[in-house]
Amino acid sequence: KTVKSTEMVTFSCLDDENTKTMLEATGRSQFLLVGAETHISIYQSAVAFKKAKLESFVIVDAVSARNE
């Protein structure tokens, strides 16, 4: 299958309608979370997945956060 990416414009990826629609279209219930600003975006996305009764997994070696 083709993997699509989308620009992150909200703190939670499920708050963006285009991204939410794309994820729902997969029919999956488990998702991997990777990216920057772990303490904001990855956290907010993980919380949103939990509220939506979906499973998310943070890939520790594929996330980061600024420490400034």
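Which residues make up the largest nonpolar core here? Eight do: Cys13, Leu14, Leu23, Phe31, Leu33, Ile42, Ala48 and Phe49. Strand E1 (30–35) and helix H2 (38–51) are the elements that each give two or more residues to this core, and H2 supplies the largest share, with three. Keep in mind that this is a predicted model. Much of what follows is about H2 and what surrounds it.

**Helix H2**

- Start with its length: H2 has 14 residues, which at 1.5 Å apiece should span 20 Å, and the C-alpha atoms at its ends sit 18 Å apart, so the two values agree.
- The buried residues in H2 are Ser41, Ile42, Ser45, Ala48 and Phe49.
- Those five share one side of the helix, because the arc they cover around the axis is only 125°.
- What do the buried residues of H2 pack against? Their partners are helix H1 (17–25), E1 and strand E2 (55–63).
- Flip to the face of H2 turned away from that buried side and you find Lys50 and Lys51, both exposed.

**The strands and how they connect**

- E1 and E2 pair in the parallel sense, with five bridges between them.
- To pick out one pairing, Leu32 has Phe57 in E2 as its bridge partner.
- Put E1, H2 and E2 together and you get a β-α-β unit, a right-handed one.

**Two loop residues with positive phi**

- Glu37 is not a glycine, yet its phi is positive, at about 55°.
- You'll find Glu37 in the loop that links E1 and H2.
- Lys53 is another non-glycine with a positive phi, this one about 60°.
- Lys53 comes after H2, in the loop that leads from H2 to E2.
- Is Lys53 buried or exposed? Its relative accessible area is 75%, so it counts as exposed, the cut-off being over 50%.

**The segment before H1**

- Thr10 and Ser12 both belong here: Thr10 is in the segment before H1, and so is Ser12.
- Ser12 has a relative accessibility of 4%, so it counts as buried; the limit for that label is under 20%.
- Which residues does Ser12 touch, leaving out those up to four places away in sequence? They are Gln44, Ser45 and Ala48. Two of these contacts, Ser45 and Ala48, are on the list of buried residues in H2.
- Thr10 has a relative accessible area of 23%, which makes it partly exposed.
- Thr10 and Ser41 are 31 residues apart in sequence, while in space their C-alpha atoms are 7.8 Å apart. Ser41 is one of the buried residues of H2.
- Setting aside neighbours within four places in sequence, Thr10 is in contact with Asp15 and Asp16.

**Leu14, a core residue with several contacts**

- Leu14 belongs to the largest nonpolar core.
- Not counting residues up to four places away in sequence, Leu14 touches Lys20, Leu23, Ala48, Phe49 and Ala52.
- Among those contacts, Leu23, Ala48 and Phe49 are also members of the core.
- Ala48 turns up again in this picture: Ser12 touches it, and so does Leu14.

How values were computed
Residues are numbered from 1 along each chain as its sequence is written. This is a predicted model: local features need pLDDT of at least 70, side-chain atom pairs count only at pLDDT 80 or more; totals for chains, interfaces and linings use all residues. Side-chain values use heavy atoms; hydrogens and water are left out. A nonpolar core is a set of buried Ala, Val, Leu, Ile, Met, Phe, Trp, Tyr and Cys residues joined through side-chain atoms within 4.5 Å. Buried means under 20% relative accessible area, exposed over 50%, partly exposed in between (1.4 Å probe, protein chains only). Helices (H or I, at least four residues) and strands (E, at least two) are DSSP runs, numbered from the N terminus. Contact means heavy atoms within 4.5 Å. The expected span of a helix is 1.5 Å times one less than its number of residues. The arc is that of the directions from the helix axis to the C-beta atoms. Two strands pair if DSSP finds at least two bridges between them. A crossover is right-handed if, with the strands pointing away from the viewer, the path from the first strand over the helix to the second runs clockwise.
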